[in-house]
Amino acid sequence: MELFDLLKALILGFVEGMTEFAPVSSTGHLIIVDDMWLKSQEFLGKYPANTFKIVIQLGSILAVVVVFWKRLFSLVGLYKIDGQKMSGRFNLMHVIIGMLPAVVLGFAFKDFIDDHLFGIETVIYALVVGAILMIAADKFGPKNPTVNSLDEITYRQAFTVGLVQCLSLWPGFSRSGATISGGVLFGLNHRTAADFTFIMAVPIMFGASLVSVLKNWDEMSMEFLSFYIVGFISAFVFALISIRFFLVLISRIKLMPFAIYRIALAAVLAVIVFM
């Protein structure tokens, strides 16, 4: 594999890492950058290229594990503080309940999503619809949130946030944008909604990556291994940076600036694609 191809993997990892946990849609940005510029599908093939976009999310997920390792380990009984589980009221069942709707729909419609929704046109629509949801969350969410920490989340709230998360199966919508918006609408403050989003993303994204790799295993070649490795490492490093930055930023500026960015990006793309 040529050096320029590895540079493509580095760039795609950068895009994934910097956008995965901001409510702007990492998948949407990957489709935009790759389909309009880098065109990795031309030398990887359609399904391995889509798989790459999912596999490098594992790099981002590893970054989440590094940042939230105490909370994640406490959920499975591997970490305690002063003899008590750190999780308190927030436990593994919250995560399972929250991720269940998206897992079920993801399995049911995976082939449809891969075949019909990974395109620039569908991403444009998803960017706009996702922005509308985010604006609605900031405008109509409770002025005084009733949930200000993970340990205050109820099972019902976890499930309702999980239902909203199903919208993120539409590439370009954004998992964090959907779940944070859903959390804010149902009483969580922005930081708690973001924390829940990141923790819930670990099993969902890991499972999606594993299923995609297994499905396309026969179409993948060892000659592309270096491409996947570079993308993975790049995504991990830049996600680690973006997570810490975003967790500080989201409590201050909330969702509106990200919504405006999404609409502006969709407008620019619409001019390029439809004009």
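Which residues does Val213 touch, not counting residues up to four places away in sequence? They are Thr51, Val55 and Met220. This is a predicted model, and its protein chain is built from 13 helices and two strands. The radius of gyration is 18 Å, close to the 19 Å the globule rule gives for 275 residues, so the chain is as compact as a globular protein of that length. Here's a quick tour, from the whole chain down to single residues.

**The chain as a whole**

- Lay the C-alpha trace along its principal axes and you get spans of about 50 × 45 × 35 Å.
- Buried residues make up 52% of the 275 in the chain.
- About 12,800 Å² of the protein chain is exposed, and 70% of that comes from carbon and sulfur atoms.
- If you take contacts between residues at least 6 apart in sequence, 81% of them join residues at least 24 apart.

**What the record says about the membrane**

- The unreviewed UniProt entry carries the annotation "transmembrane region" for residues 51–69, 90–110, 122–141, 193–213, 225–249 and 255–274.
- In the model, residues 90–110 are 90% helix and 0% strand, with 30 Å between the end C-alpha atoms.
- Residues 255–274 come out at 95% helix and 0% strand, and here the end C-alpha atoms are 28 Å apart.

**Helix H12 and what follows**

- H12 runs over residues 225–253, which makes 29 residues.
- From first C-alpha to last, H12 reaches 40 Å, close to the 42 Å expected at 1.5 Å a residue.
- H12 does have a kink, though: about 30°, centred on Phe246.
- Phe246 is also one of the buried residues of H12, a list that includes Phe227, Tyr228, Gly231, Ser234, Ala235, Ala239, Ser242, Ile243, Leu247 and Ile250 as well.
- An α-helix has 3.6 residues a turn, so residues three or four places apart point the same way.
- Just past the end of H12, Lys254 has a positive phi of about 60°.

**Helix H1 and its packing**

- H1 has 17 residues, which should span 24 Å at 1.5 Å a residue, and the 24 Å between its end C-alpha atoms agrees with that.
- Buried in H1 are Asp5, Lys8, Ala9, Leu12, Gly13, Val15, Glu16, Gly17 and Thr19, so charged residue names turn up in the list alongside Ala, Leu and Val.
- The buried residues of H1 pack against H2, H3, helix H4 (46–55), helix H5 (57–67), H11 and H12.

**The loops on either side of H2**

- Ser25 sits in the loop between helix H1 (3–19) and H2.
- The phi of Ser25 is near 80°, a positive value in a residue other than glycine.
- Ser25 has 2% relative accessibility; the cut-off for buried is under 20%, so Ser25 counts as buried.
- On the other side, Lys39 is in the loop between H2 and H3, and its phi is near 55°, again positive in a residue other than glycine.
- Lys39 is partly exposed, at a relative accessible area of 35%.
- Ser40 is in the loop between helix H2 (26–38) and helix H3 (41–44), and it is buried, with a relative accessible area of 0%.
- Setting aside neighbours within four places in sequence, Ser40 is in contact with Leu12, Asp34, Gly45, Ala49, Lys53 and Phe227.
- Two of those partners come up above: Leu12 is on the buried list of H1, and Phe227 is on that of H12.

**Helix H9 and its cover**

- H9 covers residues 155–165, and its buried residues are Gln157, Ala158, Thr160, Val161, Gly162, Val164 and Gln165.
- The cover over those buried residues includes helix H7 (92–116), helix H8 (120–140), helix H10 (175–185) and helix H11 (190–215).

**Two residues to look up: Gly106 and Val213**

- Gly106 belongs to helix H7 and is buried, with a relative accessible area of 16%.
- Gly106 and Trp170 are 64 residues apart along the chain, and their C-alpha atoms are separated by 10.0 Å.
- Val213, the residue in the opening question, lies in helix H11 and counts as buried at 17% relative accessibility.
- Between the C-alpha atoms of Val213 and Val237, which are 24 residues apart along the chain, the separation is 22 Å.

Key
Residues are numbered from 1 along each chain as its sequence is written. This is a predicted model: local features need pLDDT of at least 70, side-chain atom pairs count only at pLDDT 80 or more; totals for chains, interfaces and linings use all residues. Side-chain values use heavy atoms; hydrogens and water are left out. Helices (H or I, at least four residues) and strands (E, at least two) are DSSP runs, numbered from the N terminus. The expected span of a helix is 1.5 Å times one less than its number of residues. The bend at a residue is the angle between axes fitted to the seven residues ending there and the seven starting there. Buried means under 20% relative accessible area, exposed over 50%, partly exposed in between (1.4 Å probe, protein chains only). The radius of gyration is taken over C-alpha atoms; the globule rule is 2.2 Å times the number of residues to the power 0.38. Contact means heavy atoms within 4.5 Å. Accessible areas come from the Shrake-Rupley method with a 1.4 Å probe; for residues, only the protein chains shown count as cover. UniProt positions are given in the numbering used here, feature names are shortened, and annotations may be inferred rather than shown by experiment.
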